[in-house]
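Student: I have a new model open and would like to test the words we use for it. Could we take them one at a time?

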Amino acid sequence: MLTVIMECHDQEPELAQTLSVLVAGAVEGLVSDVIVLDHGSTDGSSVVADAAGCRFYQQWDMKHVLATARGEWLLLIEPGARLGQGWVDEVAEYVALNKAPARFSESRLYRLPFYRRLTRSTPLLENGLLIPKRQAQGLAGEGRELLQLARGHKPRRLDSEIIPSWVAREARR
């Protein structure tokens, strides 16, 4: 029903955190597969992905990746992001009733200081992107990356929160 796709580069701990949260979705039958697109990692990202049963690509064509995705919906997410409680039920209901893309709500517990929120632009995948596979396939081109698939959407906002990946990065420092 749902394929999760992430791009990573030397993000082994962040990848492990995100994959651990996705287990609940797999157990409930929502997450059918996870695809990790790697940009030349030299850490254990491939080992973590393999242990979790993910498909791990170091070279890929986005059209092929999307064509082989098992789910009819895609969740594009950054390694290190963690979905909040209740996400499985809300996403299952959303994909059953809607056709438009959606993003998760920002975590109320993990927020950047006010000035940093004002002075930076929010990365496109910071709040994830839930998008129908057909729509993503229409946007996919050769050499495309996930960020390019995430541009130009006016997604709806889900009630479920996401802890953004910058939290995991800052904790690692």
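Tutor: Gladly. Let's start with a yardstick: the radius of gyration is taken over C-alpha atoms, and the globule rule is 2.2 Å times the number of residues to the power 0.38. Keep in mind that this is a predicted model.

Student: What makes the radius of gyration agree with a compact globule?

Tutor: For 173 residues the rule gives a value near 16 Å, and the protein has 15 Å, so the two agree. Along the principal axes, the C-alpha trace spans about 40 × 40 × 30 Å. Within this protein there are eight helices and eight strands, and 50% of the 173 residues count as buried.

Student: Let's go to one residue. Why is Asp33 called buried?

Tutor: Buried means under 20% relative accessible area. Asp33 has 6%, so it counts as buried. Asp33 sits in strand β2, residues 31–38, and seven of the eight residues of β2 are buried.

Student: Which residues does Asp33 touch, beyond those up to four places away in sequence?

Tutor: Asp33 touches Leu2, Thr3, Val4, Arg55, Thr68, Ala69, Arg70 and Gly71.

Student: How do you know that the side chains of Asp33 and Arg55 make a polar contact?

Tutor: The cut-off for a pair of N or O atoms is 3.5 Å. The side chains of Asp33 and Arg55 are joined at 2.5 Å, and the side chain of Asp33 also reaches the backbone nitrogen of Arg70 at 3.4 Å. Both values fall within 3.5 Å, so both pairs meet the distance cut-off.

Student: What makes β1 and β2 a pair of strands?

Tutor: Two strands pair if DSSP finds at least two bridges between them. Strand β1, residues 2–8, and β2 have seven bridges, in the parallel sense; one of the links is Val4 with its bridge partner Val34 in β2. On β2 there is also a parallel pairing with strand β3, residues 55–57, over three bridges. There, Ile35 has Arg55 of β3 as its bridge partner.

Student: How does the chain cross from β2 to β3?

Tutor: It passes through helix α2, residues 45–51, in a right-handed β-α-β crossover. β1, helix α1 (residues 12–27) and β2 also make a right-handed β-α-β unit.

Student: Now the loop between β1 and α1, where His9 is placed. Why is His9 called partly exposed?

Tutor: Partly exposed lies between the 20% limit for buried and the 50% limit for exposed. His9 has a relative accessible area of 41%, so partly exposed is the right term. Asp10 is in that loop between β1 and α1 too, and its relative accessible area of 23% makes it partly exposed as well.

Student: What is notable about phi of Asp10?

Tutor: Phi of Asp10 is near 50°, a positive value in a residue other than glycine.

Student: And which polar contacts does the side chain of His9 make?

Tutor: The side chain of His9 contacts that of Asp10 at 3.4 Å and reaches the backbone oxygen of His39 at 2.6 Å. Leaving aside neighbours within four places in sequence, His9 is in contact with Asp38, His39, Gly40 and Ser41.

Student: Last one: what covers the buried residues of α8?

Tutor: The cover includes α1, β5 (82–83) and β8 (156–163). In helix α8, residues 165–172, the buried residues include Ser165, Trp166, Val167 and Ala168.

Notes. Residues are numbered from 1 along each chain as its sequence is written. This is a predicted model: local features need pLDDT of at least 70, side-chain atom pairs count only at pLDDT 80 or more; totals for chains, interfaces and linings use all residues. Side-chain values use heavy atoms; hydrogens and water are left out. Helices (H or I, at least four residues) and strands (E, at least two) are DSSP runs, numbered from the N terminus. Buried means under 20% relative accessible area, exposed over 50%, partly exposed in between (1.4 Å probe, protein chains only). A polar contact is a pair of N or O atoms within 3.5 Å; within protein, one must be able to donate a hydrogen and the other to accept it, and residues adjacent in sequence count only if both atoms are side-chain atoms. Contact means heavy atoms within 4.5 Å. A crossover is right-handed if, with the strands pointing away from the viewer, the path from the first strand over the helix to the second runs clockwise.
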